[in-house]
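This report concerns a single protein model and is addressed to a reader working at the bench. The text begins with one side-chain contact and then turns to burial and surface charge.

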Amino acid sequence: MSNANASPYSHKPQTHQKQSKTLVVGLTGGIGSGKSAASDWFAQQGIDIIDADVIAHEVVAKGSATLRKIQRKFGDWVLNSDGSMDRAAVRTHVFTHPEALIELEAITHPAIREAAKAQLTASTSPYVVLSAPLLIEAAEAGLANLCQRVLVIDASEDTQLERASQRDEQSVQKIKAIMVNQLSREARNRHADDVILNDRDLAALYAQLEPLHQNYLTLAQQLKYAAD
């Protein structure tokens, strides 16, 4: 599902969008949907990828300003003996203390957003793909506001379970728990400008991505000329 003739501003315009000459396509999808495969394909076409998961790890690296803020907020127990973040301890704490998750995100999300904006500024490809598993969820709203369009990689729940269990060797119960904490397929797709159903093989996925890529190139040129 896509609108090939849509304006590059079809996703809700924000201040950044009005000032930028770069088309930013937000890429998201539920666990096991094939979002990473789609991201890899765009990268093979020469498109710069901003990966929110990678950034989320980088901003709390050992010695980082963000990690120091987390330490001041929660205490020294958030650190391993080598000074790196004890991710398991932090994850367990926020799982059992919902208010702590809000406090943690208040520290990490602005840092993630600023890092994403810096990578966006440095990009030289015709358009940029911003990949984030929770792009549409409220917790990642700051990243969604950087995007002019949102592309959702969709898959049936059975397909999600099969792929995720094979990839990560996680139990079906654990995968289902992750899925419960993500938006439903229907809710996620309602926020999308473009939706690809990825229930088949990679060749079928790539065949659907190609026309979208050509459309994004066109929209990127339109945005560039409109901004000049």
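## A polar contact, burial and a charged patch

The side chains of Asp194 and Arg149 are joined by a polar contact of 3.0 Å. The model is predicted. Asp194 belongs to strand β5, which covers residues 194-197. With a relative accessible area of 0%, Asp194 is buried, because the term applies to any value under 20%.

Ala192 is found in the loop between α10 (185-190) and β5. Ala192 is likewise a buried residue, at a relative accessible area of 13%. In sequence, Ala192 and Gly26 are 166 residues apart, while their C-alpha atoms are 9.2 Å apart in space.

A further aspartate, Asp158, lies in helix α8. Is Asp158 buried or exposed? Asp158 is exposed, since its relative accessible area is 62% and the term exposed requires a value over 50%.

The table below sets out the accessibility of the three residues.

| Residue | Relative accessible area | Class and citation |
|---|---|---|
| Asp194 | 0% | buried |
| Ala192 | 13% | buried |
| Asp158 | 62% | exposed |

Which residues form the negative surface patch? The patch consists of Glu157, Asp158, Glu162, Glu186 and Asp199. Helix α8, spanning residues 157-168, provides the largest share of this negative patch, with 3 residues. Asp158 is thus described twice here: as an exposed residue with a relative accessible area of 62%, and as a member of the negative surface patch.

Methods. Residues are numbered from 1 along each chain as its sequence is written. This is a predicted model: local features need pLDDT of at least 70, side-chain atom pairs count only at pLDDT 80 or more; totals for chains, interfaces and linings use all residues. Side-chain values use heavy atoms; hydrogens and water are left out. Patches are made of residues with over 30% relative accessible area and no salt bridge: like charges are joined within 9 Å, nonpolar side chains (Val, Leu, Ile, Met, Phe, Trp, Tyr) within 5 Å. Accessible areas come from the Shrake-Rupley method with a 1.4 Å probe; for residues, only the protein chains shown count as cover. A salt bridge is a side-chain nitrogen of Lys or Arg within 4 Å of a carboxyl oxygen of Asp or Glu. Lys and Arg count as positive and Asp and Glu as negative; His and the chain ends are not counted. The place of a charge is taken as NZ of Lys, CZ of Arg, CG of Asp or CD of Glu. Helices (H or I, at least four residues) and strands (E, at least two) are DSSP runs, numbered from the N terminus. Buried means under 20% relative accessible area, exposed over 50%, partly exposed in between (1.4 Å probe, protein chains only). A polar contact is a pair of N or O atoms within 3.5 Å; within protein, one must be able to donate a hydrogen and the other to accept it, and residues adjacent in sequence count only if both atoms are side-chain atoms.
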